[in-house]
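Take a look at the model below. The text after it walks from single residues to the whole assembly.

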2 protein chains.
Amino acid sequence: MLEWLRRYRRAMLAGDVSAGIVVAMMMIPQGMAYALVAGLPPVVGIYASILPPLLYALFGSSMTQSVGPMAIISLMTATALAPLAASGSGLYLVLAAQLALMSGAVLLACGLLRIGFLANFFSRPVMSGFTIGSAILIALAQVKVLLGGELPDFHVPSAVMGLVCLLALLFARNYLGALLRKAGLRATAADIGVRLAPMLVVVAATALSVGLDLQAGGVATTGAVPAGLPGLNLATSSAHWRALVQPALLIGFMTFLISMSAAQTLALKRQEKLNSNYELIGLGAANIGSALTGGFPVTGSISRSAVNFAAGANTPLASIITAALLATALVAPTGWLALLPLPALAATIVVAVLGMLELSTLRTAWRYDRGDAMALLATAVGVLAMGVEAGVIIGVVLSMGTLIWRASRPHIAVLGRIAGTEHFRNIERYPAETRADMLMLRIDANLFFGNVEAVNQRIEDELRNHPETRNLVLVMTAVSSIDTSALFALSELNQSLRQHGIGLHLAEVKGPVMDRLKDSDFPAALNGTIFLSAAMAWEGISSALPIREMHDEPVPSPAD
Amino acid sequence: MLEWLRRYRRAMLAGDVSAGIVVAMMMIPQGMAYALVAGLPPVVGIYASILPPLLYALFGSSMTQSVGPMAIISLMTATALAPLAASGSGLYLVLAAQLALMSGAVLLACGLLRIGFLANFFSRPVMSGFTIGSAILIALAQVKVLLGGELPDFHVPSAVMGLVCLLALLFARNYLGALLRKAGLRATAADIGVRLAPMLVVVAATALSVGLDLQAGGVATTGAVPAGLPGLNLATSSAHWRALVQPALLIGFMTFLISMSAAQTLALKRQEKLNSNYELIGLGAANIGSALTGGFPVTGSISRSAVNFAAGANTPLASIITAALLATALVAPTGWLALLPLPALAATIVVAVLGMLELSTLRTAWRYDRGDAMALLATAVGVLAMGVEAGVIIGVVLSMGTLIWRASRPHIAVLGRIAGTEHFRNIERYPAETRADMLMLRIDANLFFGNVEAVNQRIEDELRNHPETRNLVLVMTAVSSIDTSALFALSELNQSLRQHGIGLHLAEVKGPVMDRLKDSDFPAALNGTIFLSAAMAWEGISSALPIREMHDEPVPSPAD
């Protein structure tokens, strides 16, 4: 924390200042737009862009992360608050800040408890599906703002402005970069130019709106903005607090996931070490900060952080400069903030979320792993059909389901000896000799509750296929851990085999696994021997019924 | 299905008949008691013990499973129905059958979709914690029935009867077996004698109650029982249907888990093949059957199935005989069923659930794996504090949490060459030579979304510790699968290393893993070489910057 300040060198300043300015210019329209997505007055998006990046700079782990409003988290906020208060009402604002406070507290607690591994509950395809589903939901919700009314009724001046802005932004996204590079800008500078297009479009639309007095013609604008930051107001009803518990947990979880994925991308580019627990603490502080200034839930945004990085940010000083500039925008005369036409803001939202409709994960997964591709599609459809909160749960269930489904199909090979050697190989792939009285199985997975049943079934099948078996040898080269459920399963297998007069032997048990097994009754109860190697088992097991014996001190296997 | 009938031999009949009779005598008091736990009139427990075992016999997978009312499922039924109707009211009975119908439909659907792997979502310690928490909840709820009133007020005759029955049952449980063996019975027969104690105690209590006219003295009894089976009644309110969706899912899940764990224990003893999908279908049919006869959710019970097995059951014919006997009990004059004193039934419940307070899993886990022991305790406390429905969810979350937590700590070894050989070993355990320009890491886990971040972090740490590294070799002996998330992570690692002028190489990639990788762009984009063995990587990588090349056809590694 703040170690970067100690190591600050003057050469870093230019980059941080330019990134701070660029991100501020990106943040103003983006913050206002995402406040709109959250069902809040646009100015709240600026409130939520000042203290959060400052606090993240103090406590967070990524150097170039830009923390503030973000589309998906705004959608989740809107989903959480919709049943509790009318969008934009006083109570709605109070509850938005309260939600940020509660999510922040959850994040902070998780960070202090050091349970950053929670981020691993979502697979990448599921995250991609969640993002695609959310992006479509967000875009659909903006159509009526963009057109100034619900289809088939719409407001012609609003729709014209919205669609012109949309086309301008799409043009900028697809062609402006190439034009700027042709005009002589470097690739990075051209890219930053593209990112500032929303600001320019919004400014132009505002100028037009004011010049032609479109507001009088019925084009909605952002509306009156009080100067300065509001303080923290909390609802006194305990029913409201209770209603926000589950949304706060889900929003906290997604805040962390989205921010981690942004931070990871940047950390890879900068070869910097990320700490998921500090990330939790940084995000927790940022959200509490957002609540204290009347904001709403915030997170690290991949698009904004990438611009921050591209514009030269070296340290969190860039974010501090961004925050300072936004604070200045609020204490300066804020009349102009009231005049931004909503259709233009809606156009920036639609184009921003179109950028989230990224299909390369789906394409790769479709070719590489059809199951992952189906999980991606199911999550996207789940978000669209059941909403973003259910989508988080669907995502976790599908990630875990894929994991358990795969675990329930462990690879198990029947081994035989390559004649004349001490090598044992899968008899399906190699010509290898076997003994009718002995069955050797290599289990190619760690043993845990998710696969014990499948392993058991496979062993029973193999014993049925090899009815003359007197001795079963489990070759444990690939087993790095055995959990309590698997320990029980092994004990029960041992007991059952003993009843049927079949010896159970282990071979090539790794050192750490053997150390752990010694803390149980299993080695003492074993109806056979623990052999150092498969070759020793092959030599050591006579065709007679097994004799119980055990090595005193198994040596770590070669694999360790 | 019914294959057992084709293979039926006359020698099996004696065992099936005796088991059928014994289980029927066990089922009458148990069914009535568990109906009481579910908040239903005791006779409903008998309704739920006739069609379900019959249908399970037709469709289920286990030969000796006894399907019927079960304590935990009854508790879950009571929990689900309590907010919807007054216990024992007409609506309550209708909703209980409806819940069985919905759970049955869920089970049947899961079986037809062949998603029996769902049973793997609960680890064994978590299941043990869930059982312990539920047993305590059930026992606590029976105290007021046993004493004929809430403490400190209780009804003296009821309390005397309840406590005497309790002591008699505890005596039977702890000493009757030894006494019967001393009297010359074989161990199995003695054990069956113990299991019939509840029947004897209830009969004795009923005789006493009738003889002394205790009912007039205020000792509650089971109450009037209509002869014959009721039909199916369903609530017409869609709000009721919707309210039962989540409980039906949770009850379906636990029904399956409990029944599978009973069936597995028996399958191990009988060396019989279990099919989790047929188990789902059998349980689904059983629950729909329960609904059709005005019953409530049922499952396979481990204690009853064990008695069935011990009393000689060879095939599902035993269950068919049990069902026939219970049906006879209902069509015969049922006046006697009305006279059973509730305190005696409560005593049988308390003693039955005391048997579920089995602490050996906790003891084993405490010694073997403290994390699993903590998950067990947390689940038990969760059930006690938040109820049995929340307990199911806590159990899944803790099982998955343990899994992801472990996955987020993969074992990774820095390898060196044992001088003069082609063997590569963990440098922390073996004296092995390394090269300053080359880092060899062996990843001892399948790569998937749960550990990619940890693997990435470890690689970055090692690169920071070995700043002269020009080439990184990942030795993949222990990697049996790479999911889409890990594929992306590897691609990003490759890109990041390329930017820093470090070559990324793979060695000893297993055949099936390589086959899959070829369906992706990764091999073509790789900033280095895929080597057959670690030794070939050691020899093949020059200190110069890596040259991109790739073997056309990697041969399966020796591990396959």
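Leaving aside its neighbours within four places in sequence, which residues is Ser66(B) in contact with? The contacts are Val23(B), Met27(B), Thr299(B), Gly300(B), Ser301(B), Arg304(B), Ser305(B) and Ser319(B). This is a predicted model. Ser66(B) sits in the loop between helix H4 (51-59) and strand E1 (67-68) of chain B. Ser66(B) counts as buried because its relative accessible area is 3%, under the 20% cut-off. One of its contacts is polar: the side chains of Ser66(B) and Arg304(B) are joined at 3.0 Å. Arg406(B) is another matter. It is 340 residues from Ser66(B) along the chain, and the two C-alpha atoms are separated by 37 Å.

A second serine of chain B is Ser74(B), in helix H5 (residues 71-81). Its relative accessibility is 0%, so Ser74(B) is buried. A polar atom of its side chain lies 3.0 Å from the backbone oxygen of Tyr34(B). Beyond four places in sequence, Ser74(B) touches Tyr34(B), Val37(B), Ala38(B) and Phe296(B). Tyr34(B) therefore appears twice, as a contact residue and as the owner of that backbone oxygen.

Next comes Phe256(B), in helix H11 (residues 238-270) of chain B. Phe256(B) is buried, at 2% relative accessible area. Its C-alpha atom and that of Leu280(B) are separated by 6.6 Å, with their positions 24 residues apart along the chain. Leu280(B) is also among the residues that Phe256(B) touches. The others listed, outside four places in sequence, are Leu107(B), Gly116(B), Ala119(B), Ser276(B), Glu279(B) and Leu283(B).

Now move to chain A. Asn287(A) belongs to helix H12 (residues 276-292). Is Asn287(A) buried or exposed? It is buried, because its relative accessibility is 0%. Its contacts beyond four places in sequence include Ala100(A), Leu101(A), Gly104(A) and Leu107(A). Thr255(A), Phe296(A), Pro297(A) and Val298(A) are in contact with Asn287(A) as well.

Step back to the whole of chain A. It holds 23 helices and eight strands. Its C-alpha atoms fill a box of roughly 100 × 55 × 55 Å along the principal axes. Of its 560 residues, 57% count as buried. Among contacts in chain A with a separation of 6 or more, 80% come from residues 24 or more positions apart.

What lies inside? In soluble globular proteins, nonpolar side chains tend to be buried together. Here the largest nonpolar core has 192 residues. Which of them touch the most other members? They are Met76(A), Phe130(A), Met254(A), Met76(B), Phe130(B) and Met254(B). Met76(A) touches two others from that group, Phe130(A) and Met254(A). Leu250(A), Ile251(A), Val388(A) and Val392(A) are also touched by Met76(A), not counting residues up to four places away in sequence.

Aromatic rings add another layer. Over all chains, a search of the whole structure finds twelve aromatic pairs. One of them joins Trp4(A) and Tyr8(A), edge-to-face, at 6.3 Å centre to centre with 70° between the planes. Trp4(A) is buried at 6% relative accessible area, whereas Tyr8(A) is partly exposed at 22%. Phe122(B) and Phe130(B) also pair edge-to-face, at 6.1 Å and 75°. Phe122(B) is buried at 7% relative accessibility, and Phe130(B) is buried at 0%. In chain A, Phe122(A), Phe130(A) and Phe253(A) form one aromatic cluster.

Rings also meet arginines. Arg435(A) lies over the face of Trp538(A), 5.7 Å from the ring centre. Arg516(A) lies over the face of Tyr368(B), a residue of chain B, at 4.9 Å from the ring centre.

Finally, how do the chains relate? Two copies of a chain are related by a rotation about an axis and a shift along it. Chain B can be laid on chain A by a turn of 180° and a shift of 0.0 Å along the axis, with an RMSD of 0.0 Å. That is the relation of a two-fold axis. The same surface serves both copies, as 100% of the contact residues of chain B recur in chain A. Within chain B, Ala478(B) comes closest to the rotation axis, its C-alpha at 3.1 Å.

Methods:
Residues are numbered from 1 along each chain as its sequence is written. Chains are lettered from A and ligands numbered from 1 in the order in which they are written. Side-chain values use heavy atoms; hydrogens and water are left out. Helices (H or I, at least four residues) and strands (E, at least two) are DSSP runs, numbered from the N terminus. Buried means under 20% relative accessible area, exposed over 50%, partly exposed in between (1.4 Å probe, protein chains only). A polar contact is a pair of N or O atoms within 3.5 Å; within protein, one must be able to donate a hydrogen and the other to accept it, and residues adjacent in sequence count only if both atoms are side-chain atoms. Contact means heavy atoms within 4.5 Å. Copies are superposed by least squares on the C-alpha atoms of residues with pLDDT of at least 70 in both. A nonpolar core is a set of buried Ala, Val, Leu, Ile, Met, Phe, Trp, Tyr and Cys residues joined through side-chain atoms within 4.5 Å. Rings of Phe, Tyr and Trp (its six-membered ring) pair if their centres lie within 6.5 Å; planes under 30 degrees apart count as stacked, over 60 as edge-to-face and the rest as tilted. A charge sits over a ring if NZ of Lys or CZ of Arg is within 6 Å of the ring centre and within 35 degrees of the ring normal.
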